[in-house]
Protein chains: 2
Amino acid sequence: MGNSRVNVRRVAEMAGVSPATVSRVTRGTVPVSPELRERVLRVIEEHGYKPSHFGRALAEQRHGALGLVFPGLSGPYFSELIQGFEAEALETGDSVLVLASHSRADTDATVIDLADRVDGMAIHGGTVSTEAIAKVADQIRVVVMASESGPAQASVSVANDSMKALTRHLLVDHGYRKLAFVGTPDGSPDVTTRWQAFLAAHKAARRKPPAEPVRVGLQQSDGAIAAERLLDGDDRPDAVVCANDETALGLMLSALGRGLRVPQDVAITGFDDMPMAALARPALTTIRQPIRELAATTARLLADPLGQPAGDIVLPTELVLRGSCGCGGAP
Amino acid sequence: MGNSRVNVRRVAEMAGVSPATVSRVTRGTVPVSPELRERVLRVIEEHGYKPSHFGRALAEQRHGALGLVFPGLSGPYFSELIQGFEAEALETGDSVLVLASHSRADTDATVIDLADRVDGMAIHGGTVSTEAIAKVADQIRVVVMASESGPAQASVSVANDSMKALTRHLLVDHGYRKLAFVGTPDGSPDVTTRWQAFLAAHKAARRKPPAEPVRVGLQQSDGAIAAERLLDGDDRPDAVVCANDETALGLMLSALGRGLRVPQDVAITGFDDMPMAALARPALTTIRQPIRELAATTARLLADPLGQPAGDIVLPTELVLRGSCGCGGAP
DNA sequence: ATGTTGACTGAAACCGGTTTCATGAGACCG
DNA sequence: CGGTCTCATGAAACCGGTTTCAGTCAACAT
């Protein structure tokens, strides 16, 4: 097939025009007389000419790609993130370059390296050092997700403080006395904030501070690991607040598998409201966060050539009460 | 900071050499006399020069990026896939450009569009039409994953026929009489093959053909949906064979949530052997497939400039018997 | 009839590297 | 001492578009 053996100059030559005109026709930026336009289009059609991405990128000084950096974790959260981000990027004709691997040691270097292959970069909280972010932001536009903004970059995150309302609900409305928290503060800004809200709610309700968090990751298997530590002993908590739905569901599966009843023997809550949360039995009490929206907003900030509305954008979250915390008639 | 305002010619000028020499120093392809090399390196250091990705890509006719196309699904499977792919790509200095969105309607167009931004493309089975693959393969190297190879592209997949051994185990070793299959054949080549193996095992054991598959997706929530169809009626199956671990775990969670015992009331099996499978209670009987290896092999085929060992590479899988099928002392 | 304006168009510069090719110098061989 | 070979090096071509700048021509106003 007439493939990429032809370039602008060849096309121009064959159409009897200048390369400039060919470019004007393909881009459609400047009017071209119908006659020439027609001639050019015919040649393009016949020879299957397509402007080279290389040449165009060089000339425009634009990669047409956005970077997306996130911790190499499994689960619906990051899938949703990618898709939300990508859908928005496609809107503007950008491609998405992901960085998900994680030796943690050389992540910084890799990210900095990535910086000159993309026009903008979205970095998920808890993946890259502050210095590396600064270096990248020095070169291209950066938006951090689920984290705090910095001097050179905006941020998009969600209202993690709903966790306070959820904790309060468990303590006050249900009267649970002993709550456990599953997740690793410091692991990510999100979890840190949720843990702090958890603490704050205890304080606000004048309860004594809760036990140390069960420091595990954010995957479903981590919920199962947490189950071993929380459910097998004698001092089982009344309710377990998990940093996300994944761990909550892992924990629930383990609890049920041990013959415990949820919420009678142990209440469980999550964070995310992923599809499975509503379908579990009992359905999972959780906090809904707009993941897609988070990603899409980030992509939009990166793509928008207009001024950055600097600072932090915080998307709303919503407490979703279902059976697993003890609410509702049917468990 | 001395940023990208400088280019080869500037550096060359300042170092008192030709651009060619600068290039030779940065690439290290051809020996340069110690003196000049030193001078050039000093200038580079002082002005923070870094070769532009644009210029280099254009000159080398190489993007330094690989494409990865997969269905926009959640879950550990695809996370693992991305990471395995990316880890391998980083090895060779390539970036990874993903396409995960799925309007299905314009996916073909998007994929073809992506083809001239990358040097090679990995396409997951069941995402793109054969014609689109052909078009892309006409332009760049293509490897399909978890699918069959085609005239112009190699493939990497796993031995799905272990599903036959698993089914036989349930029918013969455990003597279950009524098996159900959860998953949508035709949805993806993987599921198709697994379903066929499931059928073949019935035939080989001289059992009457099983019921129609429960046609749901591959996510955990789909397992919960399948549960509604399979577990609530009177004609509950003895054992449910799921197309992957995700759905199996969703189903198990639903079963336990309904007060059913696994495997006594219903046995459940999966496919993948993801981390959660071993940690569930009861632990999940499944088939282990090397997802990372699948992705890494694919990336290697794409990056390797040497001749394509055309045809299909099939990676081995392994039957993993645990409690959920009725094996083992402890459930 | 002449100055002005506006719309198209092409030549040339530009984006930033890499690589071929020719040359000059020094080393080695006879 | 002359011829050949090797090696480092620079000039120039090349990769493939986009855009500025200047110029042509026709329409329009005065």
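Exposed means over 50% relative accessible area, counted on protein chains only with a 1.4 Å probe. The structure used in these exercises is a predicted model.

**Exercise 1. Classify Asp186(A) as buried or exposed, and place it in the chain.**

Step 1. Take the relative accessible area of Asp186(A): it is 66%. Step 2. Compare with the cut-off: exposed is over 50%. Asp186(A) is therefore exposed. Step 3. Locate the residue. Asp186(A) sits in the loop between strand E6 (179-182) and helix H9 (189-204) of chain A. Step 4. Check the backbone. Phi of Asp186(A) is near 80°, a positive value in a residue other than glycine.

**Exercise 2. Treat Gln61(A) in the same way: what is its phi, and where does it lie?**

Step 1. Phi of Gln61(A) is near 55°, a positive value, and the residue is not glycine. Step 2. Gln61(A) belongs to the loop between H4 and strand E1 (65-69) of chain A. Step 3. Its relative accessibility is 53%, so Gln61(A) counts as exposed.

**Exercise 3. Find where cis peptide bonds precede Pro263(A) and Pro282(A), and give omega.**

Step 1. The bond from Val262(A) to Pro263(A) is cis, with omega near 10°. Pro263(A) is in the loop between helix H11 (245-257) and strand E8 (267-269) of chain A. Step 2. The bond joining Arg281(A) and Pro282(A) is cis as well, with omega about -5°. Pro282(A) falls in the loop between helix H12 (275-279) and strand E9 (286-288) of chain A.

**Exercise 4. Describe the protein surface around DNA strand C: which residues come nearest, and which polar contacts can be listed?**

Step 1. Start with the neighbours. There are 28 residues around DNA strand C, and Arg24(A), Ser33(A), Val8(B), Arg9(B) and Arg56(B) come nearest. Sugar and phosphate make up 61% of the strand C atoms within 4 Å of the protein.

Step 2. List contacts to phosphate oxygens. A side-chain N or O atom of Thr21(A) is 2.7 Å from one. A polar backbone atom of Val8(B) is 2.6 Å from one.

Step 3. Add the sugar side. An N or O atom in the side chain of Tyr49(B) is 2.9 Å from a sugar or linking oxygen of DNA strand C.

Step 4. Assign elements. Those giving two or more residues are helix H2 (19-27) and helix H4 (53-60) of chain A, with helix H1 (8-15), helix H2 (19-27) and helix H4 (53-60) of chain B. H2(B) gives the most, five residues.

Step 5. Sort by class. The surface has 13 nonpolar, nine polar and six charged residues.

**Exercise 5. Repeat the analysis for DNA strand D: which element gives the most residues to the surface near it?**

Step 1. Strand D is surrounded by 28 residues, the closest being Arg9(A), Ser23(A), Arg56(A), Thr21(B) and Ser33(B). Of its atoms within 4 Å of the protein, 64% are sugar or phosphate and the rest are in bases.

Step 2. A backbone N or O atom of Val8(A) lies 2.6 Å from a phosphate oxygen of strand D. For Ser33(B), a polar side-chain atom is 2.4 Å from a phosphate oxygen. A polar side-chain atom of Gln61(B) is 3.2 Å from a sugar or linking oxygen.

Step 3. Helix H1 (8-15), H2 and H4 of chain A, together with H2 and H4 of chain B, give two or more residues. H2(A) gives the most, with five.

**Exercise 6. What does the UniProt record place on residues 6-60 of chain A?**

Step 1. The unreviewed UniProt entry annotates this stretch as "domain: HTH lacI-type". Step 2. Residues 6-60 of chain A are 71% helix and 0% strand, with end C-alpha atoms 20 Å apart.

Conventions. Residues numbered from 1 in each chain as written. Chains lettered and ligands numbered in written order. Predicted model: local features only at pLDDT ≥ 70, side-chain atom pairs only at ≥ 80, totals over all residues. Heavy atoms only, no water. Near = heavy atom within 4 Å. Polar contact = N/O pair within 3.5 Å; in protein donor to acceptor, adjacent residues only side chain to side chain. Helix = DSSP H or I, 4+ residues; strand = E, 2+ residues; numbered from the N terminus. Nonpolar A, V, L, I, M, F, W, Y, C, P; charged D, E, K, R; others polar. UniProt positions renumbered as here; feature names shortened; annotations may be inferred. Buried < 20%, exposed > 50% of the residue type's maximum accessible area, 1.4 Å probe, protein only.
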